[in-house]
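Visitor: I should like to learn how the features of a protein model are read. May we look at one together?
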Amino acid sequence: MPNPGSPVIRVRNLVNRFGAQTVHDGLDLDVRRGEILGVVGGSGSGKSVLMRSILGLRRPDAGGIEVLGVDALSDDPRDRQHIERNTGVLFQDGALFSSLTVGENVEVPLQEHHPELPETWCYELALLKVKLAGLPADAVNKLPSQLSGGMRKRAGLARALALDPPVLFLDEPTAGLDPIGAAAFDNLIRTLQEALGLTVFLITHDLDTLYAICDRVAVLADRKVVTVAPLAEVERFDHPWVQEYFHGPRARAARDGKELMQTRTTV
């Protein structure tokens, strides 16, 4: 289990509004070093808005955010650069540049933050990340349109890992994947997290993912994080959305699947 030391991400009293609509109102959250934190909530609860606020892609209406000891709302370009260099992001649709090859997509953050690197080094580093993400070597020269949906997810993950960031953000990484592909992607994330010591902020609605790889789960409801804890504790939390979400037939199936896998590994 991860060491519950000082959080690498600290959110305090966060407020986000869109016109008259308040999405977050006094939201608090800590993300611990070395954990996979699953973030769940109903439609419109602000999961992606929270991620974008932490990354500095949206300026909140109030509150404070600290990432790796740096004020995420600072106007100092050095602070912004520190966060950009030390975080990797896989957006829901991969967000790859369609006119660039997979390798060229992975090279984009390398060229932006390390322009001094020779082209051959960038290519070799991109190839390494492509392989690390579970893609065959020949994928490095293919366009995103030549890849399956699951392969595009892995290509986006390779780009997120380009700068060897200690913190990884994943927005619905298994959305649109078949159950076998989703399970393989979950296993890849857990393997990379353990091998590289990553901290993972994972937005998902996939119950199988929550039960398979998440160390803790944060639930967004009522414009706040109403609970953040290991799944066994979250399941017992007295809140209507939590009870409906974690005690329906799909949750039981995901829980049974995890118990079956644990039984197989101990036999």
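Visitor: What is the order of the strands in the open sheet of four strands?

Guide: Please note that this model is predicted. In general, strands of a sheet pair through backbone hydrogen bonds, either parallel or antiparallel. Here the order is β2-β1-β4-β5, and the pairing is antiparallel. The edge strands are β2 (21-32) and β5 (70-71), each of which pairs on one side only.

Visitor: How many bridges link β4 and β5?

Guide: Strand β4 (residues 62-67) pairs with β5 over two bridges, in the antiparallel sense. Within this region, E66 stands opposite D71 of β5. Helix α1 (residues 47-54) lies across β1 (7-18), β2 and β4, and runs at about 120° to β1.

Visitor: Which residue in the hairpin of β9 and β10 takes a positive phi?

Guide: That residue is D222, with a phi near 55°; the hairpin has two residues between the strands. Five bridges join β9 (residues 216-221) to β10 (residues 224-229), and these strands run antiparallel. The bridge partner of V219 in β10 is T227.

Visitor: How does one check the span of helix α5?

Guide: One uses 1.5 Å a residue, so the twelve residues of α5 should span 16 Å; the end C-alpha atoms are 17 Å apart, which agrees.

Visitor: Is R154, in helix α5, buried or exposed?

Guide: R154 is buried yet has no salt bridge. A salt bridge requires the charged atoms to lie within 4 Å, whereas the nearest side chain of opposite charge, D186, is 9.5 Å away. Among the residues that R154 touches are L135, F185 and L188. The cover over the buried residues of α5 includes α4 (119-132) and α6 (179-196).

Notes:
Residues are numbered from 1 along each chain as its sequence is written. This is a predicted model: local features need pLDDT of at least 70, side-chain atom pairs count only at pLDDT 80 or more; totals for chains, interfaces and linings use all residues. Side-chain values use heavy atoms; hydrogens and water are left out. Buried means under 20% relative accessible area, exposed over 50%, partly exposed in between (1.4 Å probe, protein chains only). Lys and Arg count as positive and Asp and Glu as negative; His and the chain ends are not counted. Contact means heavy atoms within 4.5 Å. The expected span of a helix is 1.5 Å times one less than its number of residues. Two strands pair if DSSP finds at least two bridges between them. Axes are lines fitted to C-alpha atoms, for helices over the stretch in contact, and angles run from 0 to 180 degrees between N-to-C directions. Lists of a residue's contacts leave out its neighbours within four places in sequence.
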